[in-house]
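Work through the exercises below with the sequence and the model side by side. Try each task before you read its solution.

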Amino acid sequence: MKFGKYLISLLAAVAVICPLSTTAVAEDGLYIPMFTYRTGPFAPGGSKIANGLTAYFEMISKRDGGIEGQKIIWEECEFGYKTDRGVECYERLKGKGSLISNPFSTGLTYKLIPKAPVDKIPILSMGYGMSGAADGRWFPWVFNFPTSYWSQASAFIRYVGTEMGGMDNLKGKKIGLIFLESGYGREPIKLFETLGERFGYEFKHWAIPAKQMADQRSQWRKIVRWNPDYMFMWGWGVMNPTAVSRAGEFGYPMDRFIGVWWSGDELDTKPAGIKAKGYRAGTFHAPGAFAEVHKDILKFTYDNDMALAKEHNYGDVLWSRGVFNAMLIAEGLRNAILEFGSNITGEEMRWGLEHIDMTDERLEELGATGFGRPFKVTCSDHEGNGPVLFQEWDGEKWVIVSDWVEPMREIVRPMLEEAAATEAAKWNYTMRDDCT
Amino acid sequence: MDFLYSVTADPVLQIVEDPVFFLQIILEGLMAGVMYSLVALGFCLIYKASGVFNFAQGVMMVLAVMCMVTVYDAGFGILLALLVAMVFMVGLSFAIERVVLRPMVNQPQIILFMATIGLAFFLEGFGEFIFGGSSQKIVPTEALHIGRDALLIPMFGSEIRLQQLDLTAGVCAALLVATLALFFQKTTVGRALRAVADDHQAALSVGIPLRSMWVIVWSVAGLVALVTGIMWGASSSVDFSLVLIAMKAFPVLILGGFTSVPGVIVGGLIIGVGEKVAELYWGDALGGSIEEWFAYVLALVFLMFRPQGLFGEKIIERV
């Protein structure tokens, strides 16, 4: 009996110590921790993104042997979209030589921002996170290219203004926002309010708490009663399909309902099916799998097995986003290696990200012509001022229905700089003086 | 002063000015209430018959509907899919009784409650392992003959809008309650279940097979979970975020009483109407999204004055 207890204790000790010991060991190569959520309430979307990320890394590993001869080592850490678990993932994996943090959660991004300069690991919050981080002078370790939430929101206003026949026609109109009650959901409110004062439209917003995601009756009743000219959505998870369904059920015109890029996947429209026809969403890359890079993924990652590829969400919007994200990480890594040689550090990776210049030629070299739009990251501009594309659900699939819409940089940039200075003051940051 | 106006006179004026809209809110509240009642029904059944507050009821709901949709998506008919889901829930009940409940016989209720918390975590992980946490499932509403259109009823120059899905949920809830009431009041098994709930040991001493009773009641709660999951899943999609809906059952149970099936229905309707009316007429004045906490505050007030709920049994313990 006693021996049995000792044996159990021994096994328990081994079980605890073994995983800890592995964190200290890192293979030679470019180590990329991946904070993923394949479980929990947001798993359907999180899995697609994770599949896209791994698909790209696997493809360049097989096709090119890595990046500039360096092996890529990526490791998933499941955090269930829970910020505390995400921080635990970060702390556990940073000892392996993390070259970047790619949180895919605004809540987690905010938690990692103060850690980045200490651990010297840059953060890429691609199109999400803290908008103010676009000002690289205050936040040298955080990147949100190709476009921040505020730039996206300003592109939304430009898009609907153009649709109404000109920005002057926004005067007296009503624009609403329905959002997931969270830091992410609240992020664009300030921008919409500021633009409302400028262009003369009335703005109202409705929060959806997590427990109300699958209900939303009250919010949609209020929305329909107010009868806005356009409704925007900053949603995620089951909030999205419910909102699209409720909009239809409550009689709100679908062609006046536009979601942010987190609200524009097949997951969000398929449950409502044909009734979601006309619903639109913003995005900063084209939907679908049509570019050379997608073909290479099909060939090298999935061995041309389309059934296998489809099983891994090949071509779905969020899968494409994962691919796009991985492509930009690889570009940062490539820049750093070409500048500093092998065995790059987090600080050198930051330099690599800061020197991304995604021109038409570079997109073509990457096999991504038409997949994304050119943008350039600089020392002071960490968002790259990327434009936004609009896609529409035709009842079966997403189709592009707009040209690239430029954000209102003349309005947004001063706001970003002001927000960055305010946020930076909270952490006693000083402004970089090496940005020209 | 503005605040006082917006929480006192303004809501009343709004109701008087647009009574059709008020009626619309009441009806929507009733519909939402039925949906809450369906969730609470599963909790109530298990508590009524075994004295266990089953924290895992929300996960059971998701597992049931996921099983049904998975079988249907695999190309089998809807009837077979429903049958397989029912068998799955009965099998799950057997397993829970054997692994979780049996070793806990005669333990204090708090121990059983803690066990169901552990069960909830296990079942969520188990469900993600079996059905895949990443996949989104869509309830086949057409195959189940659940309408997704709105019914428009003209009224005083305006119109009332009702959803077919909500009406279907109402009919299902009514059928379930009627069946369960008959089951508990008129059948031998139902009476035995009530005896088990009162006292495990006493029930055993008069020859009631405790284990079988637990399996039966957990199976029935599993079937209720399947209906609930279908109704909730039909309005959006089926994934593990639906587990959060179980939180809505707590105030319903406190209000209606943990042991009363009709109480659960009435509690659900009160919560549904209360929170919708509060959100629509007082929500903006109180900062918005008040329905997130309104139900809990209402339940708290009820706890102060009637802790056993509207229809719950008053607990008298002699010392």
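pLDDT is the predictor's confidence in each residue, on a scale from 0 to 100. This is a predicted model, in which local features need pLDDT of at least 70 and side-chain atom pairs count only at pLDDT 80 or more, while totals for chains, interfaces and linings use all residues. Residues are numbered from 1 along each chain as its sequence is written, and chains are lettered from A and ligands numbered from 1 in the order in which they are written.

**Exercise 1. Find where confidence in chain A is lowest and where it is highest.**

Begin with the whole chain: chain A has a mean pLDDT of 91, and 94% of its residues reach 70 or more. Then go to the elements, where helices (H or I, at least four residues) and strands (E, at least two) are DSSP runs numbered from the N terminus. The lowest confidence in chain A belongs to helix H1 (residues 2–23), with a mean of 49, and the highest to strand S8 (residues 257–259), at 98. Finally, look at residues 16–25 of chain A, where pLDDT stays under 50 and the model has four contacts beyond four places in sequence; a contact here means that the C-beta atoms of two residues, placed from the backbone, lie within 7 Å.

**Exercise 2. Describe how the two domains of chain A are placed and what joins them.**

The bounds, which come from an automatic or database domain assignment, give domain 1 (18–147 + 292–385) and domain 2 (150–283) of chain A. Taken over C-alpha atoms, the centres of these two domains of chain A are separated by 28 Å. Their contact takes 17 residues from domain 1 of chain A and 14 residues from domain 2 of chain A. On the domain 1 side, the elements that give two or more residues are helix H2 (43–64), helix H4 (106–112) and helix H14 (317–340) of chain A. To class the residues, count Ala, Val, Leu, Ile, Met, Phe, Trp, Tyr, Cys and Pro as nonpolar, Asp, Glu, Lys and Arg as charged, and the others, Gly among them, as polar; the domain 1 side of chain A then has seven nonpolar, seven polar and three charged residues.

**Exercise 3. Decide whether Asp168(A) is buried or exposed.**

Place the residue before counting: Asp168(A) lies in the loop between helix H6 (149–163) and strand S5 (174–180) of chain A. A residue is buried if 20 or more other C-beta atoms lie within 10 Å of its own, exposed if 12 or fewer, and partly exposed in between, with C-beta atoms placed from the backbone. Because Asp168(A) has 10 C-beta neighbours inside 10 Å, it counts as exposed. Along the chain, Asp168(A) and Phe199(A) are 31 residues apart, and their C-alpha atoms are separated by 6.9 Å.

**Exercise 4. Work out how H7 and H10 of chain B pack.**

Axes are lines fitted to C-alpha atoms, for helices over the stretch in contact, and angles run from 0 to 180 degrees between N-to-C directions. The axes of helix H7 (residues 164–186) and helix H10 (residues 210–234) of chain B are 10 Å apart, at an angle of about 170°. H7(B) is therefore roughly antiparallel to H10(B), a term used for angles over 145 degrees. Leu165(B), Ala169(B), Cys172(B) and Leu176(B) of H7(B) make the contact with Val224(B), Val227(B), Met231(B) and Ala234(B) of H10(B). By class, this contact has eight nonpolar, no polar and no charged residues.

Methods
Angles under 35 degrees count as roughly parallel, over 145 as roughly antiparallel, 65 to 115 as roughly perpendicular and the rest as oblique.
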